[in-house]
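Hi,

Here is the structure I said I would pass on. Have a look at it first, and my notes follow underneath.

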Amino acid sequence: MTQPAATETEPLTIRRLSLADLPQVMVIERRAFTAPWSLAMFGLELSKPSGICLAALRGRRLVGYLVCSRYDTVWHVMNIAVEPERRRSGIATALMAALFARADRPGQRYTLEVRPSNLAAVSMYERLGFRPAGRRPGYYHDNREDALIMWRTAGE
Ligand SMILES: CC(C)(COP(=O)(O)OP(=O)(O)OC[C@H]1O[C@@H](n2cnc3c(N)ncnc32)[C@H](O)[C@@H]1OP(=O)(O)O)[C@@H](O)C(=O)NCCC(=O)NCCS
């Protein structure tokens, strides 16, 4: 799927992710992960009325996305990825900030799982206030890597 070109001078905008974005999402997803989500998994998350799914765009080009689900009182960050050529320019941070702007309440809690070997992601989450809180042994099916569980509480 060919995406519109974009230059770094075009403003970054964040809006809700839609079904029409999914072909562009899948291109980034397959480049970002050794065990990428399927199209059906994104469709399922988008169908949940309580979820927050966001797209980051430079001009008309989709350059990143975030999927967050609410279970009971807790927000679970399920997926976040940025186009490889555009990493380290604040796009994932902007997506997370947009999530917090929509979901933060005093004491609101967020959780996620991340591969301990994914130093870029762990470092980003720590900068955003997430703290390690244990591991799920052998959680990732492709290489049996543990998952690091992280939590963030709004306002802390
Ligand atoms: C993790 C990911 C989403 C970060 O996206 P990004 O837009 O590059 O992140 P940002 O530019 O907002 O970076 C925020 C901070 O995270 C940390 N960080 C991001 N990438 C890093 C890297 N490669 N090495 C070390 N720290 C890194 C830094 O502290 C960075 O701040 P700085 O650039 O001012 O030093 C991106 O690397 C990605 O898509 N990875 C593949 C998918 C993935 O692993 N998703 C997370 C699954 S849990």
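The buried residues of helix α1 are covered by, among others, α2 (39–47), β3 (61–71) and β4 (74–82). Helix α1 itself spans residues 22–32, and its buried residues are Leu22, Gln24, Val25, Met26, Ile28 and Glu29. An α-helix has 3.6 residues a turn, so residues three or four places apart point the same way. By "buried" I mean under 20% relative accessible area, with "exposed" being over 50% and "partly exposed" in between (1.4 Å probe, protein chains only). Helices (H or I, at least four residues) and strands (E, at least two) are DSSP runs, numbered from the N terminus.

Before you read on: this is a predicted model, so I describe local features only at pLDDT of at least 70 and side-chain atom pairs only at pLDDT 80 or more, while totals for chains, interfaces and linings use all residues. Residues are numbered from 1 along each chain as its sequence is written, and side-chain values use heavy atoms, with hydrogens and water left out.

Now the ligand. Which residues are closest to it? They are Arg88, Gly90, Thr93, Asn118 and Arg127, out of 21 that surround the ligand (a residue counts if one of its heavy atoms lies within 4 Å). Polar contacts here are pairs of N or O atoms within 3.5 Å; within protein, one must be able to donate a hydrogen and the other to accept it, and residues adjacent in sequence count only if both atoms are side-chain atoms. Two backbones take part: a ligand oxygen is 2.9 Å from a polar backbone atom of Val82, and a ligand oxygen is 2.9 Å from a polar backbone atom of Ala92. From the side chain of Arg127, an N or O atom is 2.8 Å from an oxygen of the ligand. On its own the ligand has 920 Å² of accessible area, and the protein covers 78% of that (Shrake-Rupley method, 1.4 Å probe; for residues, only the protein chains shown count as cover).

Which elements give two or more residues to the shell around the ligand? Those are β4, α3 (91–103), β5 (109–114) and α4 (119–127). The largest share, six residues, comes from α4.

Val122 is found in that helix, α4, and is buried, with a relative accessible area of 12%. Not counting residues up to four places away in sequence, Val122 touches Val114, Arg115, Pro116, Leu148 and Met150; touching, or contact, means heavy atoms within 4.5 Å. Val122 and Ala92 are 30 residues apart along the chain, and their C-alpha atoms are separated by 12 Å.

Over in strand β3 you will find Ser69. Is Ser69 buried or exposed? Ser69 counts as buried, at 2% relative accessibility. The Ser69 side chain makes a polar contact of 2.5 Å with the side chain of Glu45. With neighbours within four places in sequence set aside, Ser69 is in contact with Glu45, Lys48, Gly51, Val74, Trp75, His76 and Met78.

Arg131 sits in strand β6 and is partly exposed, at 48% relative accessibility. A polar atom of the Arg131 side chain lies 3.2 Å from the backbone oxygen of Glu126. Leaving out residues up to four places away in sequence, Arg131 touches Glu126, Ile149, Met150 and Trp151. Gly51 is 80 residues from Arg131 in sequence, and 22 Å from it in space, C-alpha to C-alpha.

Last, a look at the loops. Asp72, in the loop between β3 and β4, has a positive phi of about 55 degrees although it is not a glycine. Asp72 is exposed, with a relative accessible area of 72%. Arg144 is in the loop between β6 (131–136) and β7 (147–153), and its phi is near 60 degrees, a positive value in a residue other than glycine. Arg144 is exposed, at 51% relative accessible area. Glu145 is also placed in the loop between β6 and β7, but it counts as buried at 16% relative accessibility. Glu145 touches Arg115, Pro116, Ser117, Gly138, Tyr139 and Tyr140, again not counting residues up to four places away in sequence.

Cheers
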